[in-house]
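I opened a fresh page to keep a record of what I look up, one topic at a time.

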Amino acid sequence: MKIAFYIFSSLVFVALQTTIFRELTFIGVAPQICLVLVVVAGMLSGKEWGAICGAGMGLLYDIVSGRIVGLNAILFMYIGFFVGVLCKGFFKHKRIVVLFFTAAAELTYSILYYFFAFFIWGQMNIIYVFSKIIVPELLYTTVVAVPIYVLMEKINDYIERKTF
Amino acid sequence: MRYIFEHKIAVLIISLTIVFLVFMASYTSDKARANLGKDGLSTMVLPFQIVFTSVTHNVQDFFAHFGDLEAAGKRIEELETQVAVLENNSRELEDTKLENERLSSLVGIKDSLKSNDSIAAQIIAKDVSNWYTVFTINKGSGDGIADKQAVITTKGLVGYVSEVGAKWAKVTTIINDGTAVGGLVVRTQDVAIVEGEFELQKDLLCKMTYISKGANIVTGDSIETSGLGGIYPKGILIGIIRDVKPETQTVSQNAIIEPAVNFEKVSEVLVLK
């Protein structure tokens, strides 16, 4: 049941990110809702699901983007895993915690992606990348993360009640 | 063995890491034809993308309606006078065209655009990330689309087909970092290269390089494809020069190009066979 939930969510999130959210741009950037799903999976279902959802989501992301297959899969998998590990200490105020985790995950992801996909190939315009892509994307994604978390939490609760 | 059962997740992560690293290592950028697994997974996302895109367009159209209504009346009047002028022009052009055809056939030049068939396609998705300007269209190899075909709109050049699946294809735009098009300044007939650049991509602009120092180019000059390079036929409008940047260090000059196509608004394209 849970696996079906995450597979379906991944497909929907990739489709949403490439369509509706691409039109809802804020100073030229769209939010990274695919990464939010991975963070939410790690927080709701623990490190195992975080890693599995991250790997699957990342692989799908790589395939849909049509570039090097594997880079996003690795990054997403480790992000999902570490979010699952680190958020274990937080029981209360999860809706605020999700802000913090999304921001941290997004920053880590953007910097690593930029490093592996651009910097080592000679795109060294760090100031431009930070001011025009990484920071705006970080802010936008963090804002979007809370409603996504609330929604996914509700669906997850519903599924868990049905299963047990 | 016991260790493996006790640390399932660690083993899973390590093995997946190795698998993904192998994927990355075996990747070459020349795989323009999507393989079965890739094609299948992309096709699974397709129905969602089609639904969400049509929803987005409908909502946008709905709101655009109100703003446009007032302006529309005025615009109709303007356009009617314009039509009269254009009809007259087109009659003159028809004459010129016939004359041109007659003369061309005498010299033996073949119009490269005329011999092309085109396939109409809709943009159903944009790139997943903010780092690239790549579109997905709803026609694929089943509709006759192949790798490295030129993609245009009625306004001008969009880009080329960079990846093909059975029911979808990826179009890399001319403003995407790393793409290059052979360009021609229409007024002066100077040849140059139009390149997508990372810093200009977000502003929907691109760069023209390798223009000889002596070339007398000015802001507002229009740029067409030169037909050199193989992918793009000659004579497709690329855009106009926004800014000329003379370089002191090199023997050539640079210019910023504003593409004729608005890459944020484009929704329908033509793929040239």
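My entries below go through helix packing, charged pairs, a surface patch and two single residues.

**Entry 1: the model.** I note before anything else that this is a predicted model, and I keep that in mind for each value I write down.

**Entry 2: two helices in chain A.** I remind myself that two packed helices are described by the angle between their axes and the distance between the axes. I looked up helix α5 of chain A, which covers residues 94–117, and helix α6 of chain A, which covers residues 126–163, and found that they pack at an angle of about 145° with their axes 8 Å apart. The crossing of α5(A) and α6(A) turned out to be right-handed. I then asked which kinds of residue make up the contact of α5(A) with α6(A). There I found 15 nonpolar residues, together with four polar and five charged ones.

**Entry 3: salt bridges.** Side chains of opposite charge can pair when their charged atoms come close. How many salt bridges does a search of the whole structure find? The search gives eight over all chains, and I looked at three of them one by one, starting in chain A.

A:E160 forms a salt bridge with A:K2, and their closest N and O atoms are 3.0 Å apart. This pair links distant parts of the chain, since A:E160 sits in helix α6 of chain A and A:K2 in helix α1 (residues 2–18) of chain A, 158 residues apart. I also checked how far each partner is covered: A:E160 has a relative accessible area of 29% and is partly exposed, whereas A:K2, at 18%, counts as buried because the cut-off for buried is under 20%.

In chain B, I found that the side chains of B:E258 and B:R242 meet in a salt bridge, with the closest N and O atoms 3.1 Å apart. B:E258 belongs to strand β11 (residues 252–259) of chain B and B:R242 to strand β10 (residues 237–245) of chain B, so the pair ties together parts that are 16 residues apart in sequence. B:E258 is partly exposed at 32% relative accessible area, and B:R242 also counts as partly exposed, at 44%.

I wrote down one further pair, B:K148 and B:D147, whose salt bridge has an N to O distance of 3.5 Å. B:K148 is partly exposed with a relative accessible area of 42%, and B:D147 is partly exposed with 30%.

**Entry 4: a patch on chain B.** Which residues make the nonpolar surface patch of about 610 Å²? I listed B:V51, B:V55, B:V59, B:F62, B:F63 and B:F66. I followed up B:V55, which lies in helix α3 (residues 36–107) of chain B and counts as partly exposed at 38% relative accessibility.

**Entry 5: two residues of chain B.** Is B:T153 buried or exposed? I found that B:T153 counts as buried, with 11% relative accessibility, and that its place is the loop between β3 (150–152) and β4 (157–164) of chain B. The C-alpha atoms of B:T153 and B:V261 are separated by 7.4 Å, while the two residues are 108 residues apart along the chain.

B:Q201 is found in helix α4 (residues 198–201) of chain B, and B:Q201 is buried, with a relative accessible area of 6%. I compared its position with that of B:K8: B:Q201 and B:K8 are 193 residues apart in sequence, and their C-alpha atoms are 44 Å apart in space.

Key: Residues numbered from 1 in each chain as written. Chains lettered and ligands numbered in written order. Predicted model: local features only at pLDDT ≥ 70, side-chain atom pairs only at ≥ 80, totals over all residues. Heavy atoms only, no water. Axes fitted to C-alpha atoms, helices over the stretch in contact; angles between N-to-C directions. Helix = DSSP H or I, 4+ residues; strand = E, 2+ residues; numbered from the N terminus. Left-handed = near helix turned anticlockwise from the far one by under 90°. Nonpolar A, V, L, I, M, F, W, Y, C, P; charged D, E, K, R; others polar. Patch = residues over 30% accessible without salt bridge, like charges linked within 9 Å, V, L, I, M, F, W, Y side chains within 5 Å. Areas by Shrake-Rupley, 256 points an atom, 1.4 Å probe, with all protein chains shown as cover. Salt bridge = Lys/Arg side-chain N within 4 Å of Asp/Glu carboxyl O. Buried < 20%, exposed > 50% of the residue type's maximum accessible area, 1.4 Å probe, protein only.
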